[in-house]
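Visitor: I'd like a close look at one part of this model, with the cut-offs spelled out as you go. Pick a stretch and show me how the surroundings fit around it.

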Amino acid sequence: MAKFVGAFDNKIDAKGRVSVPADFRAAVAGASFDGVVAFPAFTGDAIEAGGLDRLQEIQAMIDGLDPYGDEREAFELAVMSQARKLAFDADGRITLPGELIDCAGLNGRAAFVGRGPYFQIWRPEAYAEKMAEAQARARELRGLLHTPNRQTSGAGAP
């Protein structure tokens, strides 16, 4: 089930503090860590974030790779060494470290973008561009989506 849905635009203050949308905070409520884990995203100039369980899922995927392989080393360095645990303050904010702000090109505003099991934080203008591309591509690919239990009638007819 998707935990993080919707998109929200929030202000980042001079200290790098930004309010995490209430729906996103609720999605990680009750976990062993009262906050989120964040690292530079692979899919653009953004920050990927989610609960501690998301980082554990990624670690499990990395653990499945050859212990001495180049692929494992790349993922360990790109994810695990750059991941930051960001605790919520009393107002539901996190403080984004400078290196994460820089990797996403954030400039005073942050677009929180739900991606189901995780969310991303984008510079709002970059997110708008990415969204326009994604919507156009999704329209092109719409035929790939099917109802899971859809009955078919006849040979090859939906």
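**Strand S8 and its neighbours**

Guide: Let's begin with strand S4, residues 46–50, which runs antiparallel to S8 and is tied to it by four bridges. Strands here are DSSP E runs of at least two residues and helices are H or I runs of at least four, numbered from the N terminus; two strands pair when DSSP finds at least two bridges between them. This is a predicted model, in which local features need pLDDT of at least 70 and side-chain atom pairs 80 or more, while totals for chains, interfaces and linings use all residues. Numbering starts from 1 along each chain as its sequence is written, and side-chain values use heavy atoms, leaving out hydrogens and water.

Now for the residues in that pairing. Ala46 stands opposite Trp122 of S8. Trp122 turns up again in the pairing with S7, where Ala111 is the residue standing opposite. S7 and S8 are antiparallel as well, with four bridges joining them. These two strands form a hairpin with four residues between them, and in that hairpin Gly116 has a positive phi near 85°.

What about the two faces of S8? Both are covered: Phe119 and Ile121 are buried on one side, and Gln120 and Trp122 are buried on the other. Buried means under 20% relative accessible area, exposed over 50%, and partly exposed in between, using a 1.4 Å probe and protein chains only.

Zooming out a little, S8 belongs to an open sheet of six strands in the order S1-S7-S8-S4-S3-S5, with antiparallel pairing. At its edges sit strand S1 (7–11) and strand S5 (84–87), each of which pairs on one side only. Follow the sheet from S8 through S7 and you get to S1. S1 and S7 are antiparallel too, and five bridges hold the pair together. Within that pair, Ala7 is opposite Val113 of S7. Packed on the sheet is helix H5, which touches S1, S7 and S8; touching, or contact, means heavy atoms within 4.5 Å.

For a residue-level view of this packing, try Tyr127, which lies in helix H5. Leaving aside residues up to four places away in sequence, Tyr127 touches Ala7, Ala111, Val113 and Trp122. Those names should look familiar: Ala7 and Val113 are the opposite residues from the S1 and S7 pair, while Ala111 and Trp122 face each other across S7 and S8. Tyr127 counts as buried because its relative accessibility is 18%. If you want a yardstick toward another part of the fold, the C-alpha atoms of Tyr127 and Lys85 are 23 Å apart, with the two residues separated by 42 positions along the chain.

Last, the wider setting. The protein chain has five helices and eight strands, and from the N terminus on they run β-β-α-β-β-α-α-β-β-α-β-β-α. Its C-alpha trace spans about 60 × 40 × 30 Å along the principal axes. Of the 158 residues, 34% count as buried. As for contacts with a separation of 6 or more, 60% are between residues 24 or more positions apart.

Conventions. Axes fitted to C-alpha atoms, helices over the stretch in contact; angles between N-to-C directions.
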